[in-house]
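Biologist: I would like to go through how some of the descriptions of this model are justified. Could you take me through the reasoning, one term at a time?

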Amino acid sequence: MSKNPPSNYPKTNLNSKQKNQNKKNKQTSQNKKNNTSLGSFNESDEEFFDAKLEGIEIFKQNSSSPYFSDSDSYSESEESQTNMYNENNLENKLKNKLELLDGETKSRIEENVKFKITPKSKEIFSGFLMLTNYRILFVPYQFSTFFQKYQQLIIITLGSIQQIVKFGGSKKSRGEFSYGIEIITKEFRDYKFYLSKKDNKRKAMCHQIMKNTFVQIKKCFAILHKKNKKLCIDPGWEIYYPFFEFKRQGLFENAKWTISDANEKWKICPTYPRELPLPSTITLKDIQAISKFRSKGRLPVLSYYYRKNLTTITRSSQPKVGLTRSRCIEDEKLLKEIAATTENDKLSILDCRPKKNALANMGRHGGFEILSNYGNCTLDFLGIENIHAMRDSLSKLKTLVNQSVVEEKKWLSGLEDTMWLFHIQKILEGSIKIVKYITIGAISVLVHCSDGWDRTAQACSLSQLIIDPYFRTVEGFEVLIEKEWLGYGHKFHQRVGHLNKHARDTQRSPVFLQFIDCVYQILRQFPTAFEFNEDFLIFILKHLFSLQFGTFLYNSNRERLENQINIKTFSLWTYINENKKIFLNSNYEKTEEILIPSISIRALVFWENYYLKAFTPFQKNSNKKKIGVSITNFSKEELSDLIEEKNSNKIKLFQQIQELQSQIEQLEKKQKSKEKIQLTKKKQK
Amino acid sequence: MEFSSESDFDSSSSNSDEEAQKVILETLQKLNRSDELSSEIDEDEFDAQLDGIQSSTSFKKKVLILTKQNKNKKENTQENEKKQEQKENEEKQENEKKQENEKRQEQKENSNKEKEKEKETKKETKKETKNLERKDSQIGDWVVVKDKKTRKPTIVLHSKSNNKEYFKGTTQCLTYGKLKIVFLEGEKIEMKSLNVTFGYKLPQNKIQPILGKLYLTNYRLFFVPNEIEIFDNYDTVLNPEITLGTILRIEKFGHQSTGRGNFSYGIEIYSKDFRFYKFYFLKKNHSRRDIYRSLHVKAFPPSIELSFSYLHKSNKQVVDSGWSIYDPESEFKRQGLPNRNWSLSKINSKYQICSTYPRLLVFPKMLTNEEIIIVSRYRSKGRLPTLTWIHPKTGATITRCSQPRVGITQRSCEEDQKMLNSIFRSNPEGTKLFIMDCRPKKNAMANRAKGAGYEMLVDYPNCDLTFLGIDNIHVMRESLNRIRNLCFQSLVDDKKWLSGLENTGWFSHMEKIIRSSVTIAKLIENDSQSVLVHCSDGWDRTAQICGLSQLFLDPYFRTIEGFEVLIEKDWLSFGHKFHQRIGQANSDYGNSQRSPVFLQWVDSVYQCILQDPTAYEFNENFLIFILENLFSLRFGTFLFNNIQERQKRKLSKYTYSLWTYVNQNTKEFTNKNYRKRLTPIYPEYAIRNFIFWDNYYIKHLIPHELKKKKSSRQLDQDFFEIELETYERLRNEEYELIRERERLERELDRYEKRKKQLKKKISLNKAKKNSKK
């Protein structure tokens, strides 16, 4: 495995593109090999990328690393016999990990930090914390034993940090493990690091982490990441063009629909894209009037055109009906026109909220369509709870997960109490309802909730995923996210809480995570119908928080464009499309079928591979199976390397055995000779 | 297997008359066999001819005559044999009579069948072959012919599959459009009742009444709707079909005169695998009476000999191959026994010592026969400690037994202590013998009041006792009943599914079982310690634990053949009381001896399969098939309580073995992703890793939910197959090498210890000498 440690590479020449590209390929392949050495790396995806981007600044101290040579414990562990044949690989692995990403700078290294693998485990690992402007990395001194136990290094991307809590005062607290910092993350595991009380480094450290984490958005890592690069738009940003997508759906075959450019300068609705697909009979004046009637100006626009039935999914925000029961003739006209595009001249309005909430919104100048004003429409409520309920549910789930790792007593009823699966059930139920309307019922659908960017996005995108096989491919799924989530203005910045110091901000909510969980549920029930695998979903979620890519920055397309995010940062899709291989479902079989999943609680599962990934590390050689990820979870290159490794192990083992045998023989000889001597002595006696 | 072992054992017996008779019998049987072989060939030819329909009729007639002659011969020999048997065992005349009656019935049936055959062949030849369209349907091995012109229900008779041993002869098949019902060998329609309504459950929990006919055969009950087109809308899977053995209870509801409405009069059928069917009858002429009575009689016959498993096999002379899949001697030989510490003992060859144990037992060599007999008296039901598995390299063992009869007086038994001590000594690397009492400590204590209990560690210096805390059969039965209720409830409302599932306790019971098996496996593999497992009687929980830990340890048991051997060894031969626990042919559904112990074990195996998709050669279908036929009374494998009863009744002759069928249809039971792995497997046992086995428990209730999920398609078809295999191979080799290294290291240790001891001795000697001086 140690054929080509990264430090052997010549330094990259930033100016010559060709060389860079060559190097890119080389390094990716090399790094892939390096990954395999541990055979169990969860974070391996990161390295692919590390290597892929040009101009890697190699962590030079590697060869003469102070951390390795200085720490005695490390060298001791190297001598330990049990892991002799794994040691080299691990070392490489670590070196790889310590490589900095492009634009990443070290800011602080904290020695002698202690860490427990699980909160109640007795084993304590001491190591050093490395803080960069992108992540916190914990490197145990005895990493070989650490790897055996945990199978992965601890890497916390700064973007995923929600809060930093100091525990234990230096004077009050007693005992060895009562003083340190706890990093509370947006994902499912919180990390506790124990510090020694003597040196008062904690304050400075906390300060440094805070300083690195909560920066201004213009200084966030996604932007620094691309800073050394030629500023151009990378291909991932161009994956979605509304025109092409609607053409693919077949919208232009139907003369009843056009794409209006009324929102060209975001005058109608700042959270919508510039292109608004609308019935061709709607004029600019109408549009202006409707946008005033709908809350936040989010008027009904088309999101999916189902070619077979000529039915459509349109989405909007709630109408500003209010207690005065105000009406808008243009809005009524628009809905009528939308209904008129189908054969049976009907439209079903699906309000994602529970009816109670919708009624309550009436008091806040919102509400729902009053059917008497809308001729041939029907209204139905999908009963999906709001972002606050979802946030509560998630935090319950998080505490449950953390509890159950320690002691698993009431797992099932605890899971029931979190309501997480019930929320997922509701969302899936609603999406299936939409699907049934537009396919079997041949009735067009208008979906909205309060603002039309949370629940509406979930329901619309899921129903499209169920109907259209294109969205079940890697490219299609990217397009779907770009279209429904990024395009129609899901407020990622607020919901994820990027760079937000306030841990209890009520605008945070796991809406997108929930959507991905729903996708996972469908994937689990139809493991061959998707081109991507479970790793793909996990990877997207990881970089939802990581801030390595600009894709999920800011709240809307407008903000992203105005801040030139597509020039200043890399797109997540660029990376995914270049490393498509590891995200492909090895069992993919294309079907045109409409995949209606079972939504009984019996059929829904807790997504262990994601929620528990930081607790019970996923072992490549072991049992658990990710959907669509090739069973043994190796790529071909990885596998050949593993075979090599095993072969070398075999040789070593042979040698060891021979040594042992010779030792035993010697001992036997000695003993025999001794016995002889004794015998002769006896005889002599 | 049976014959050879019989002769072996009996050679030691003193009754020379019996011996002579048996020799005669055997020769007779051999003769029969040769006869049968010839007849088989004939029949095969005959079938081959039938397959090509255009062949000449004269040839067929000839063949028919030939086969008839053969059959007559067979019958004669059968009768001869019977007479001799009667002389042999005069005590069991009653049983014999019953059997004879059956046989007569069968003979009649056979002759009837042959008549039918002839008729049908004539018909076939008369008809123009164009009317018949041949279709090779996918049901088992059957070839189903369907009449294309007259789409109406017709009974079509046709020839059979390629299997030589099993399912010989012609079969019947009912085809109703989409619905096909294939009759098994020996199955015949007993009764048919018209105008029955079945409440068909729709996905939305509404019930749609379907009018049709209810058929009762000697093997199962099934329903055929009048309008077959209904199946274009719904699943054929949902059509009620239930084997008689699976019926738990039959209840009448409503009264002919008093009930109101059309659907208030009929029968309810509850099954052992969570199904529940309601059939409504017309309120006229006691329309349900006949079918109720005959169903009751057929489902709960007075003795098992009258059940379908005895009718299923037409050729009662041949022992089919499945019965000889487990040969104790060769299995122990595979494990490396006998060796210098262990010997195979034939002390139980006539079941004198323990009636529920097999004939061949493995004991430590140090014990004499007399001592063994004393130990057997000390253990409850005479189930003394005996070996079931030995680690091929380290010599660590799994032994199993029942509880010791300690009692309140704290009786002790020196021979038992010697037994355990010698078990401990047989493992050179063990530091202690780990006694695993499967019960909770409370229960074990309570058992002391009943004169039994657990080992007093004072008497056993080299032992260590742990309680695994697995609850008894009654708790398990209760737990399963709760699951049954939950399943029915969840069809209506699954809001409380998860907490309901937790309340059943099924998962936590299973967690305990898997956890303790894993700890045992780790003890044996990593620490090379010997383990003794027992519970109260040593046939329920002990079987579960021993079976699972062997599955984790030994790669052989993870193959199909090995799994069969494992069930034969640890469940059937060591006397799990299948008859009582399942309640075969017994209408007493509330019997407290019933318990889903085996089902629970299979469920645990399923959880392990889920976690490791490449490690097991068999798949989920295999487990489901085993469970289905655990109840169905189609095969003889799970009949009766112990091996003694099974052998007495000569089940291997009168019934088919389940394994025969499995081994001939391995294709549908093999896991396509299986890769041989030598390393032991330690599955995870946290409750969150468990998945409710809906493919088994509720497949009859909601097939529309599960149909899509069950895509058992081969994964990674051409995905670097060769490399993977080499990798898997290398891993195995590495494992073996590591083992070897460990062994050598241990040896070194021992040498060094000896060195130290010697040095100590020398120094002591010197000191003595000095002191003397």
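Modeller: Let us begin with helix 10 (residues 414-426) of chain B, which lies across strand 16, strand 17 (433-437), strand 18 and strand 19 (530-534) of chain B. Contact means heavy atoms within 4.5 Å. Helices (H or I, at least four residues) and strands (E, at least two) are DSSP runs, numbered from the N terminus.

Biologist: What angle does helix 10 of chain B make with strand 17 of chain B?

Modeller: Helix 10 runs at about 120° to strand 17 of chain B. Axes are lines fitted to C-alpha atoms, for helices over the stretch in contact, and angles run from 0 to 180 degrees between N-to-C directions. This is a predicted model, where local features need pLDDT of at least 70, side-chain atom pairs count only at pLDDT 80 or more, and totals for chains, interfaces and linings use all residues. Residues are numbered from 1 along each chain as its sequence is written, chains are lettered from A and ligands numbered from 1 in the order in which they are written, and side-chain values use heavy atoms, with hydrogens and water left out.

Biologist: What makes strand 15 (386-390) and strand 18 (463-467) of chain B edge strands?

Modeller: Each of them pairs on one side only. The open sheet has five strands in the order 15-16-19-17-18 (chain B), with mixed pairing, and its twist averages 25° from one strand to the next.

Biologist: How do you know that strand 15 of chain B pairs with strand 16 (residues 397-401) of chain B?

Modeller: Two strands pair if DSSP finds at least two bridges between them. Four bridges join these two strands, which run antiparallel, so the definition is met. In this region B:W389 stands opposite B:I398 in strand 16 of chain B.

Biologist: Why is B:F640 called buried?

Modeller: Buried means under 20% relative accessible area, exposed over 50%, partly exposed in between (1.4 Å probe, protein chains only). B:F640 has a relative accessible area of 5%, so it counts as buried. B:F640 also has a positive phi of about 65° although it is not a glycine.

Biologist: What about B:Y351, with its positive phi of about 55°?

Modeller: B:Y351 is not a glycine either, and its relative accessible area of 10% makes it buried.

Biologist: Where does the "active site" label at A:C449 come from?

Modeller: The label comes from UniProt (unreviewed entry), and such annotations may be inferred rather than shown by experiment. At 3% relative accessibility, A:C449 counts as buried. A:C449 touches residues including A:D351, A:C352 and A:R353.

Notes: Lists of a residue's contacts leave out its neighbours within four places in sequence.
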